Amino acid sequence: MSSVPLYAMDMDWFFVLQLLMSSLCLLGIILHRYRALQKTNKTKQRRRRPLGLTQWPIIGVVPAIVSNIHRIFDGVTGLLALSDLNYQCRFWFAGFRYFITCDPANVRHIFTSNFENYPKGDAFAQMFDILGGGIFNSDGERWRRQRTKAQMLMTTPRYRAFVERSSLEKAEKSVLPFLSHVADTAGATCDLQDVFMRWSFDTTSNLVYGVDPGCLAIGLPEVPFARAMDDALRTVFLRHIIPMTCWKAMRRLDVGHERKNAAAQRTADSFVAATIASRRAAYKKQGADKSAADLLSSFICDEEIADDPDADAYIRDMTLNLLVAGRDATSSALSWFFYLLATNPRVEQKLLEELAPIAASKKPSTGSMVAFEAGELKNLLYLHAAVCECLRLYPSLPMEHKAVVARDVLPSGHLVRPGDKILVFNYSMGRMKRVWGPDCREFRPERWISDDGKLRYVPSNKFVAFNSGPRTCLGKEMVLVQMKVTVAAVAWNFAVEVVPGHVVEPKLSIILHMKNGLLVRVKRRSDNPAVMSKQQ
């Protein structure tokens, strides 16, 4: 069943053109300054690093970035593999330096040991302006207050039960019926990434706002807010690699991706404002039920927040931050999980064997299909290992951005100065032989299981899918519950096959989505006697 996905499928060459145009705008200044430098400093010559990446005078590594924009994640991974897990690159004309790393020792130092020296920084907040003053943009005391409030609300037994109940209900009433429709339509294919993004948007909207937009429905309705968030995240990624002076100029001129981003922000603000206003109006009615477990209701009913004159702005920023985190992280992880499962039949079979005893004791919940409760999956070792292995190879957030407050020497011996930008490449970490061994690129859940059959402990500075240190993801347990419930339901009831010839590769985005989606064919397990007999 083919459909037009929610996320924008802009062509990379368009953004390469934008980068080239930005560089050309500064060409006159660059040439003038370069000639002056040639006269006064003959040491400013072309320099080549051991891996062959050219550091040009004035413009640094911009040409290399432009020429490799279509494969930047794998390109940076190769760069770090050849440069001892760390690399410093310069953007002289933009006035700053990047330090790129996937070194676990550096990650521990930056994220934990010397946490206060490496905030998100003002530049990060400007790049993620759509998130306002929310928890992901904040530092210092403001961040601590927001995190404490969010943690208090998200760790209550009531909210955890709400997450489990919502995850099961969405699997039973949306995911399984939709995939059944696809499986029963002769010759149909579907974009599984689009399915999971719609599912995640519905689920997260319900958890955050108490509203299910019905995005995952037969016919795949268009949801402007979801498309707006895709455009905004695409812009955020490009802001990481385009000098700030260039993208700010594009924003002032209202051109290119910055034009799309402005429209996306208006759409997001309109959606959130309308939702907050609707809930406030409902709660003002006499005898209104205020027992809802969603986060918006909790924020509105919180007396401390209600007394704040900027309560609406606070609630807007906090809920939008949590919506973006929940929607994109989980949908990305599920898409990559089923790609890996479809291309690794050995892992698929072991997962089905682990689910079989539970499925045998259950009655079908939707037609002839079986759904699993979170409590039933809690102790399944191989399922948990497979989910972690997927997140190791394909972390939803492929890189982390940090600023430097004070001069510091990292464990790797590299010096960083105030104003430097640090990019921690989570995507690259999982592909380093020094970190994960010679089979680091293989999808092998067994690496998470110890010899005595227990879950192997891996420190968060090595497995960075849920961040590390004081900023460790508050929604970690929620994401694992949602993933396990959905993975078990889909994997048990359907065989997923990637359409031959379909190219699967990362998209240029701050979230690790697939550039071309995940085009698959779906078959009911009951239609495959060979598989069912192995389960029995």
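## Close-up views of a predicted model

**View 1. Phenylalanine 115 counts as buried, with a relative accessibility of 12%.** The model shown in this and the following views is a predicted one. A search of the whole structure finds 18 aromatic pairs. In one of them, phenylalanine 115 is paired with tryptophan 143, the ring centres being 5.6 Å apart and the planes standing at 45° to each other, a geometry that is classed as tilted. This pair links distant parts of the chain, since phenylalanine 115 belongs to the loop between α5 (104-113) and α6 (121-127), while tryptophan 143 lies in helix α7 (residues 140-154), 28 residues apart. Tryptophan 143 has a relative accessible area of 6% and is therefore counted as buried, the cut-off being under 20%.

**View 2. Tryptophan 336 and tyrosine 394 form a stacked aromatic pair.** The two ring centres are 4.0 Å apart, and the angle between the planes is 5°. Here too the pair links distant parts of the chain: tryptophan 336 is in helix α15 (residues 311-342), and tyrosine 394 is in the loop between α18 (381-393) and β6 (399-403), with 58 residues separating them. Tryptophan 336 is buried at 1% relative accessibility, and tyrosine 394 is likewise buried, with a relative accessible area of 12%. Both residues belong to a cluster held together by ring pairs, in which Trp336 and Tyr394 are joined with Phe73, Phe237, Tyr339 and Tyr427.

**View 3. Two arginine side chains are placed over tryptophan rings, namely arginine 239 over tryptophan 247 and arginine 392 over tryptophan 436.** In one arrangement, arginine 239 lies over the face of tryptophan 247 at 4.2 Å from the ring centre. In the other, the charged end of arginine 392 is positioned over the ring of tryptophan 436, at 5.1 Å from the centre of that ring.

**View 4. Helix α8 (residues 157-184) packs against helix α21 (residues 476-493).** The axes of α8 and α21 come within 9 Å and cross at roughly 30°; this angle is under 35 degrees, so the two helices count as roughly parallel to each other. Their crossing is right-handed. On the α8 side the contact is made by Tyr159, Val163, Glu164, Ser167, Leu168, Ala171, Val175, Leu176 and Leu179, and on the α21 side by Met478, Val481, Gln482, Val485, Ala489, Val490 and Asn493.

**View 5. Helix α21 also packs with helix α9 (residues 192-209).** The angle between α9 and α21 is about 135°, and their axes are 13 Å apart, an orientation that is therefore described as oblique. The crossing of α9 and α21 is right-handed. Phe196, Trp199, Thr203 and Leu207 of α9 meet Met478, Gln482 and Thr486 of α21; Met478 and Gln482 are also among the residues of α21 that make the contact with α8.

**View 6. Aspartate 84 and aspartate 254 each have a positive phi although neither is a glycine.** For aspartate 84, phi is about 60°, and the residue is placed in the loop between α4 (72-82) and β3 (86-91). For aspartate 254, phi is about 55°, and the residue is found in the loop between α11 (244-253) and α12 (256-284). Aspartate 254 counts as partly exposed because its relative accessibility of 31% falls between the limits of 20% for buried and 50% for exposed residues.

**View 7. Alanine 188 and valine 522 lie 334 residues apart in sequence, yet their C-alpha atoms are 8.2 Å apart in space.** Alanine 188 is located in the loop between α8 and β5 (190-191), and it counts as buried at 11% relative accessibility.

**View 8. Lysine 421, in strand β9 (residues 421-425), is shown together with valine 405.** These two residues are 16 residues apart along the chain, and 10.0 Å separates their C-alpha atoms. Although lysine is a charged residue type, the position shown is a buried one, with a relative accessible area of 16% for lysine 421.

**View 9. The whole protein contains 22 helices and 11 strands.** Of its 536 residues, 57% are buried. Among the contacts with a separation of 6 or more, 73% are accounted for by residues 24 or more positions apart.

Technical notes. Residues are numbered from 1 along each chain as its sequence is written. This is a predicted model: local features need pLDDT of at least 70, side-chain atom pairs count only at pLDDT 80 or more; totals for chains, interfaces and linings use all residues. Side-chain values use heavy atoms; hydrogens and water are left out. Rings of Phe, Tyr and Trp (its six-membered ring) pair if their centres lie within 6.5 Å; planes under 30 degrees apart count as stacked, over 60 as edge-to-face and the rest as tilted. Helices (H or I, at least four residues) and strands (E, at least two) are DSSP runs, numbered from the N terminus. Buried means under 20% relative accessible area, exposed over 50%, partly exposed in between (1.4 Å probe, protein chains only). A charge sits over a ring if NZ of Lys or CZ of Arg is within 6 Å of the ring centre and within 35 degrees of the ring normal. Axes are lines fitted to C-alpha atoms, for helices over the stretch in contact, and angles run from 0 to 180 degrees between N-to-C directions. Angles under 35 degrees count as roughly parallel, over 145 as roughly antiparallel, 65 to 115 as roughly perpendicular and the rest as oblique. A crossing is left-handed if the near helix is turned anticlockwise from the far one by less than a right angle, and right-handed if clockwise. Contact means heavy atoms within 4.5 Å.
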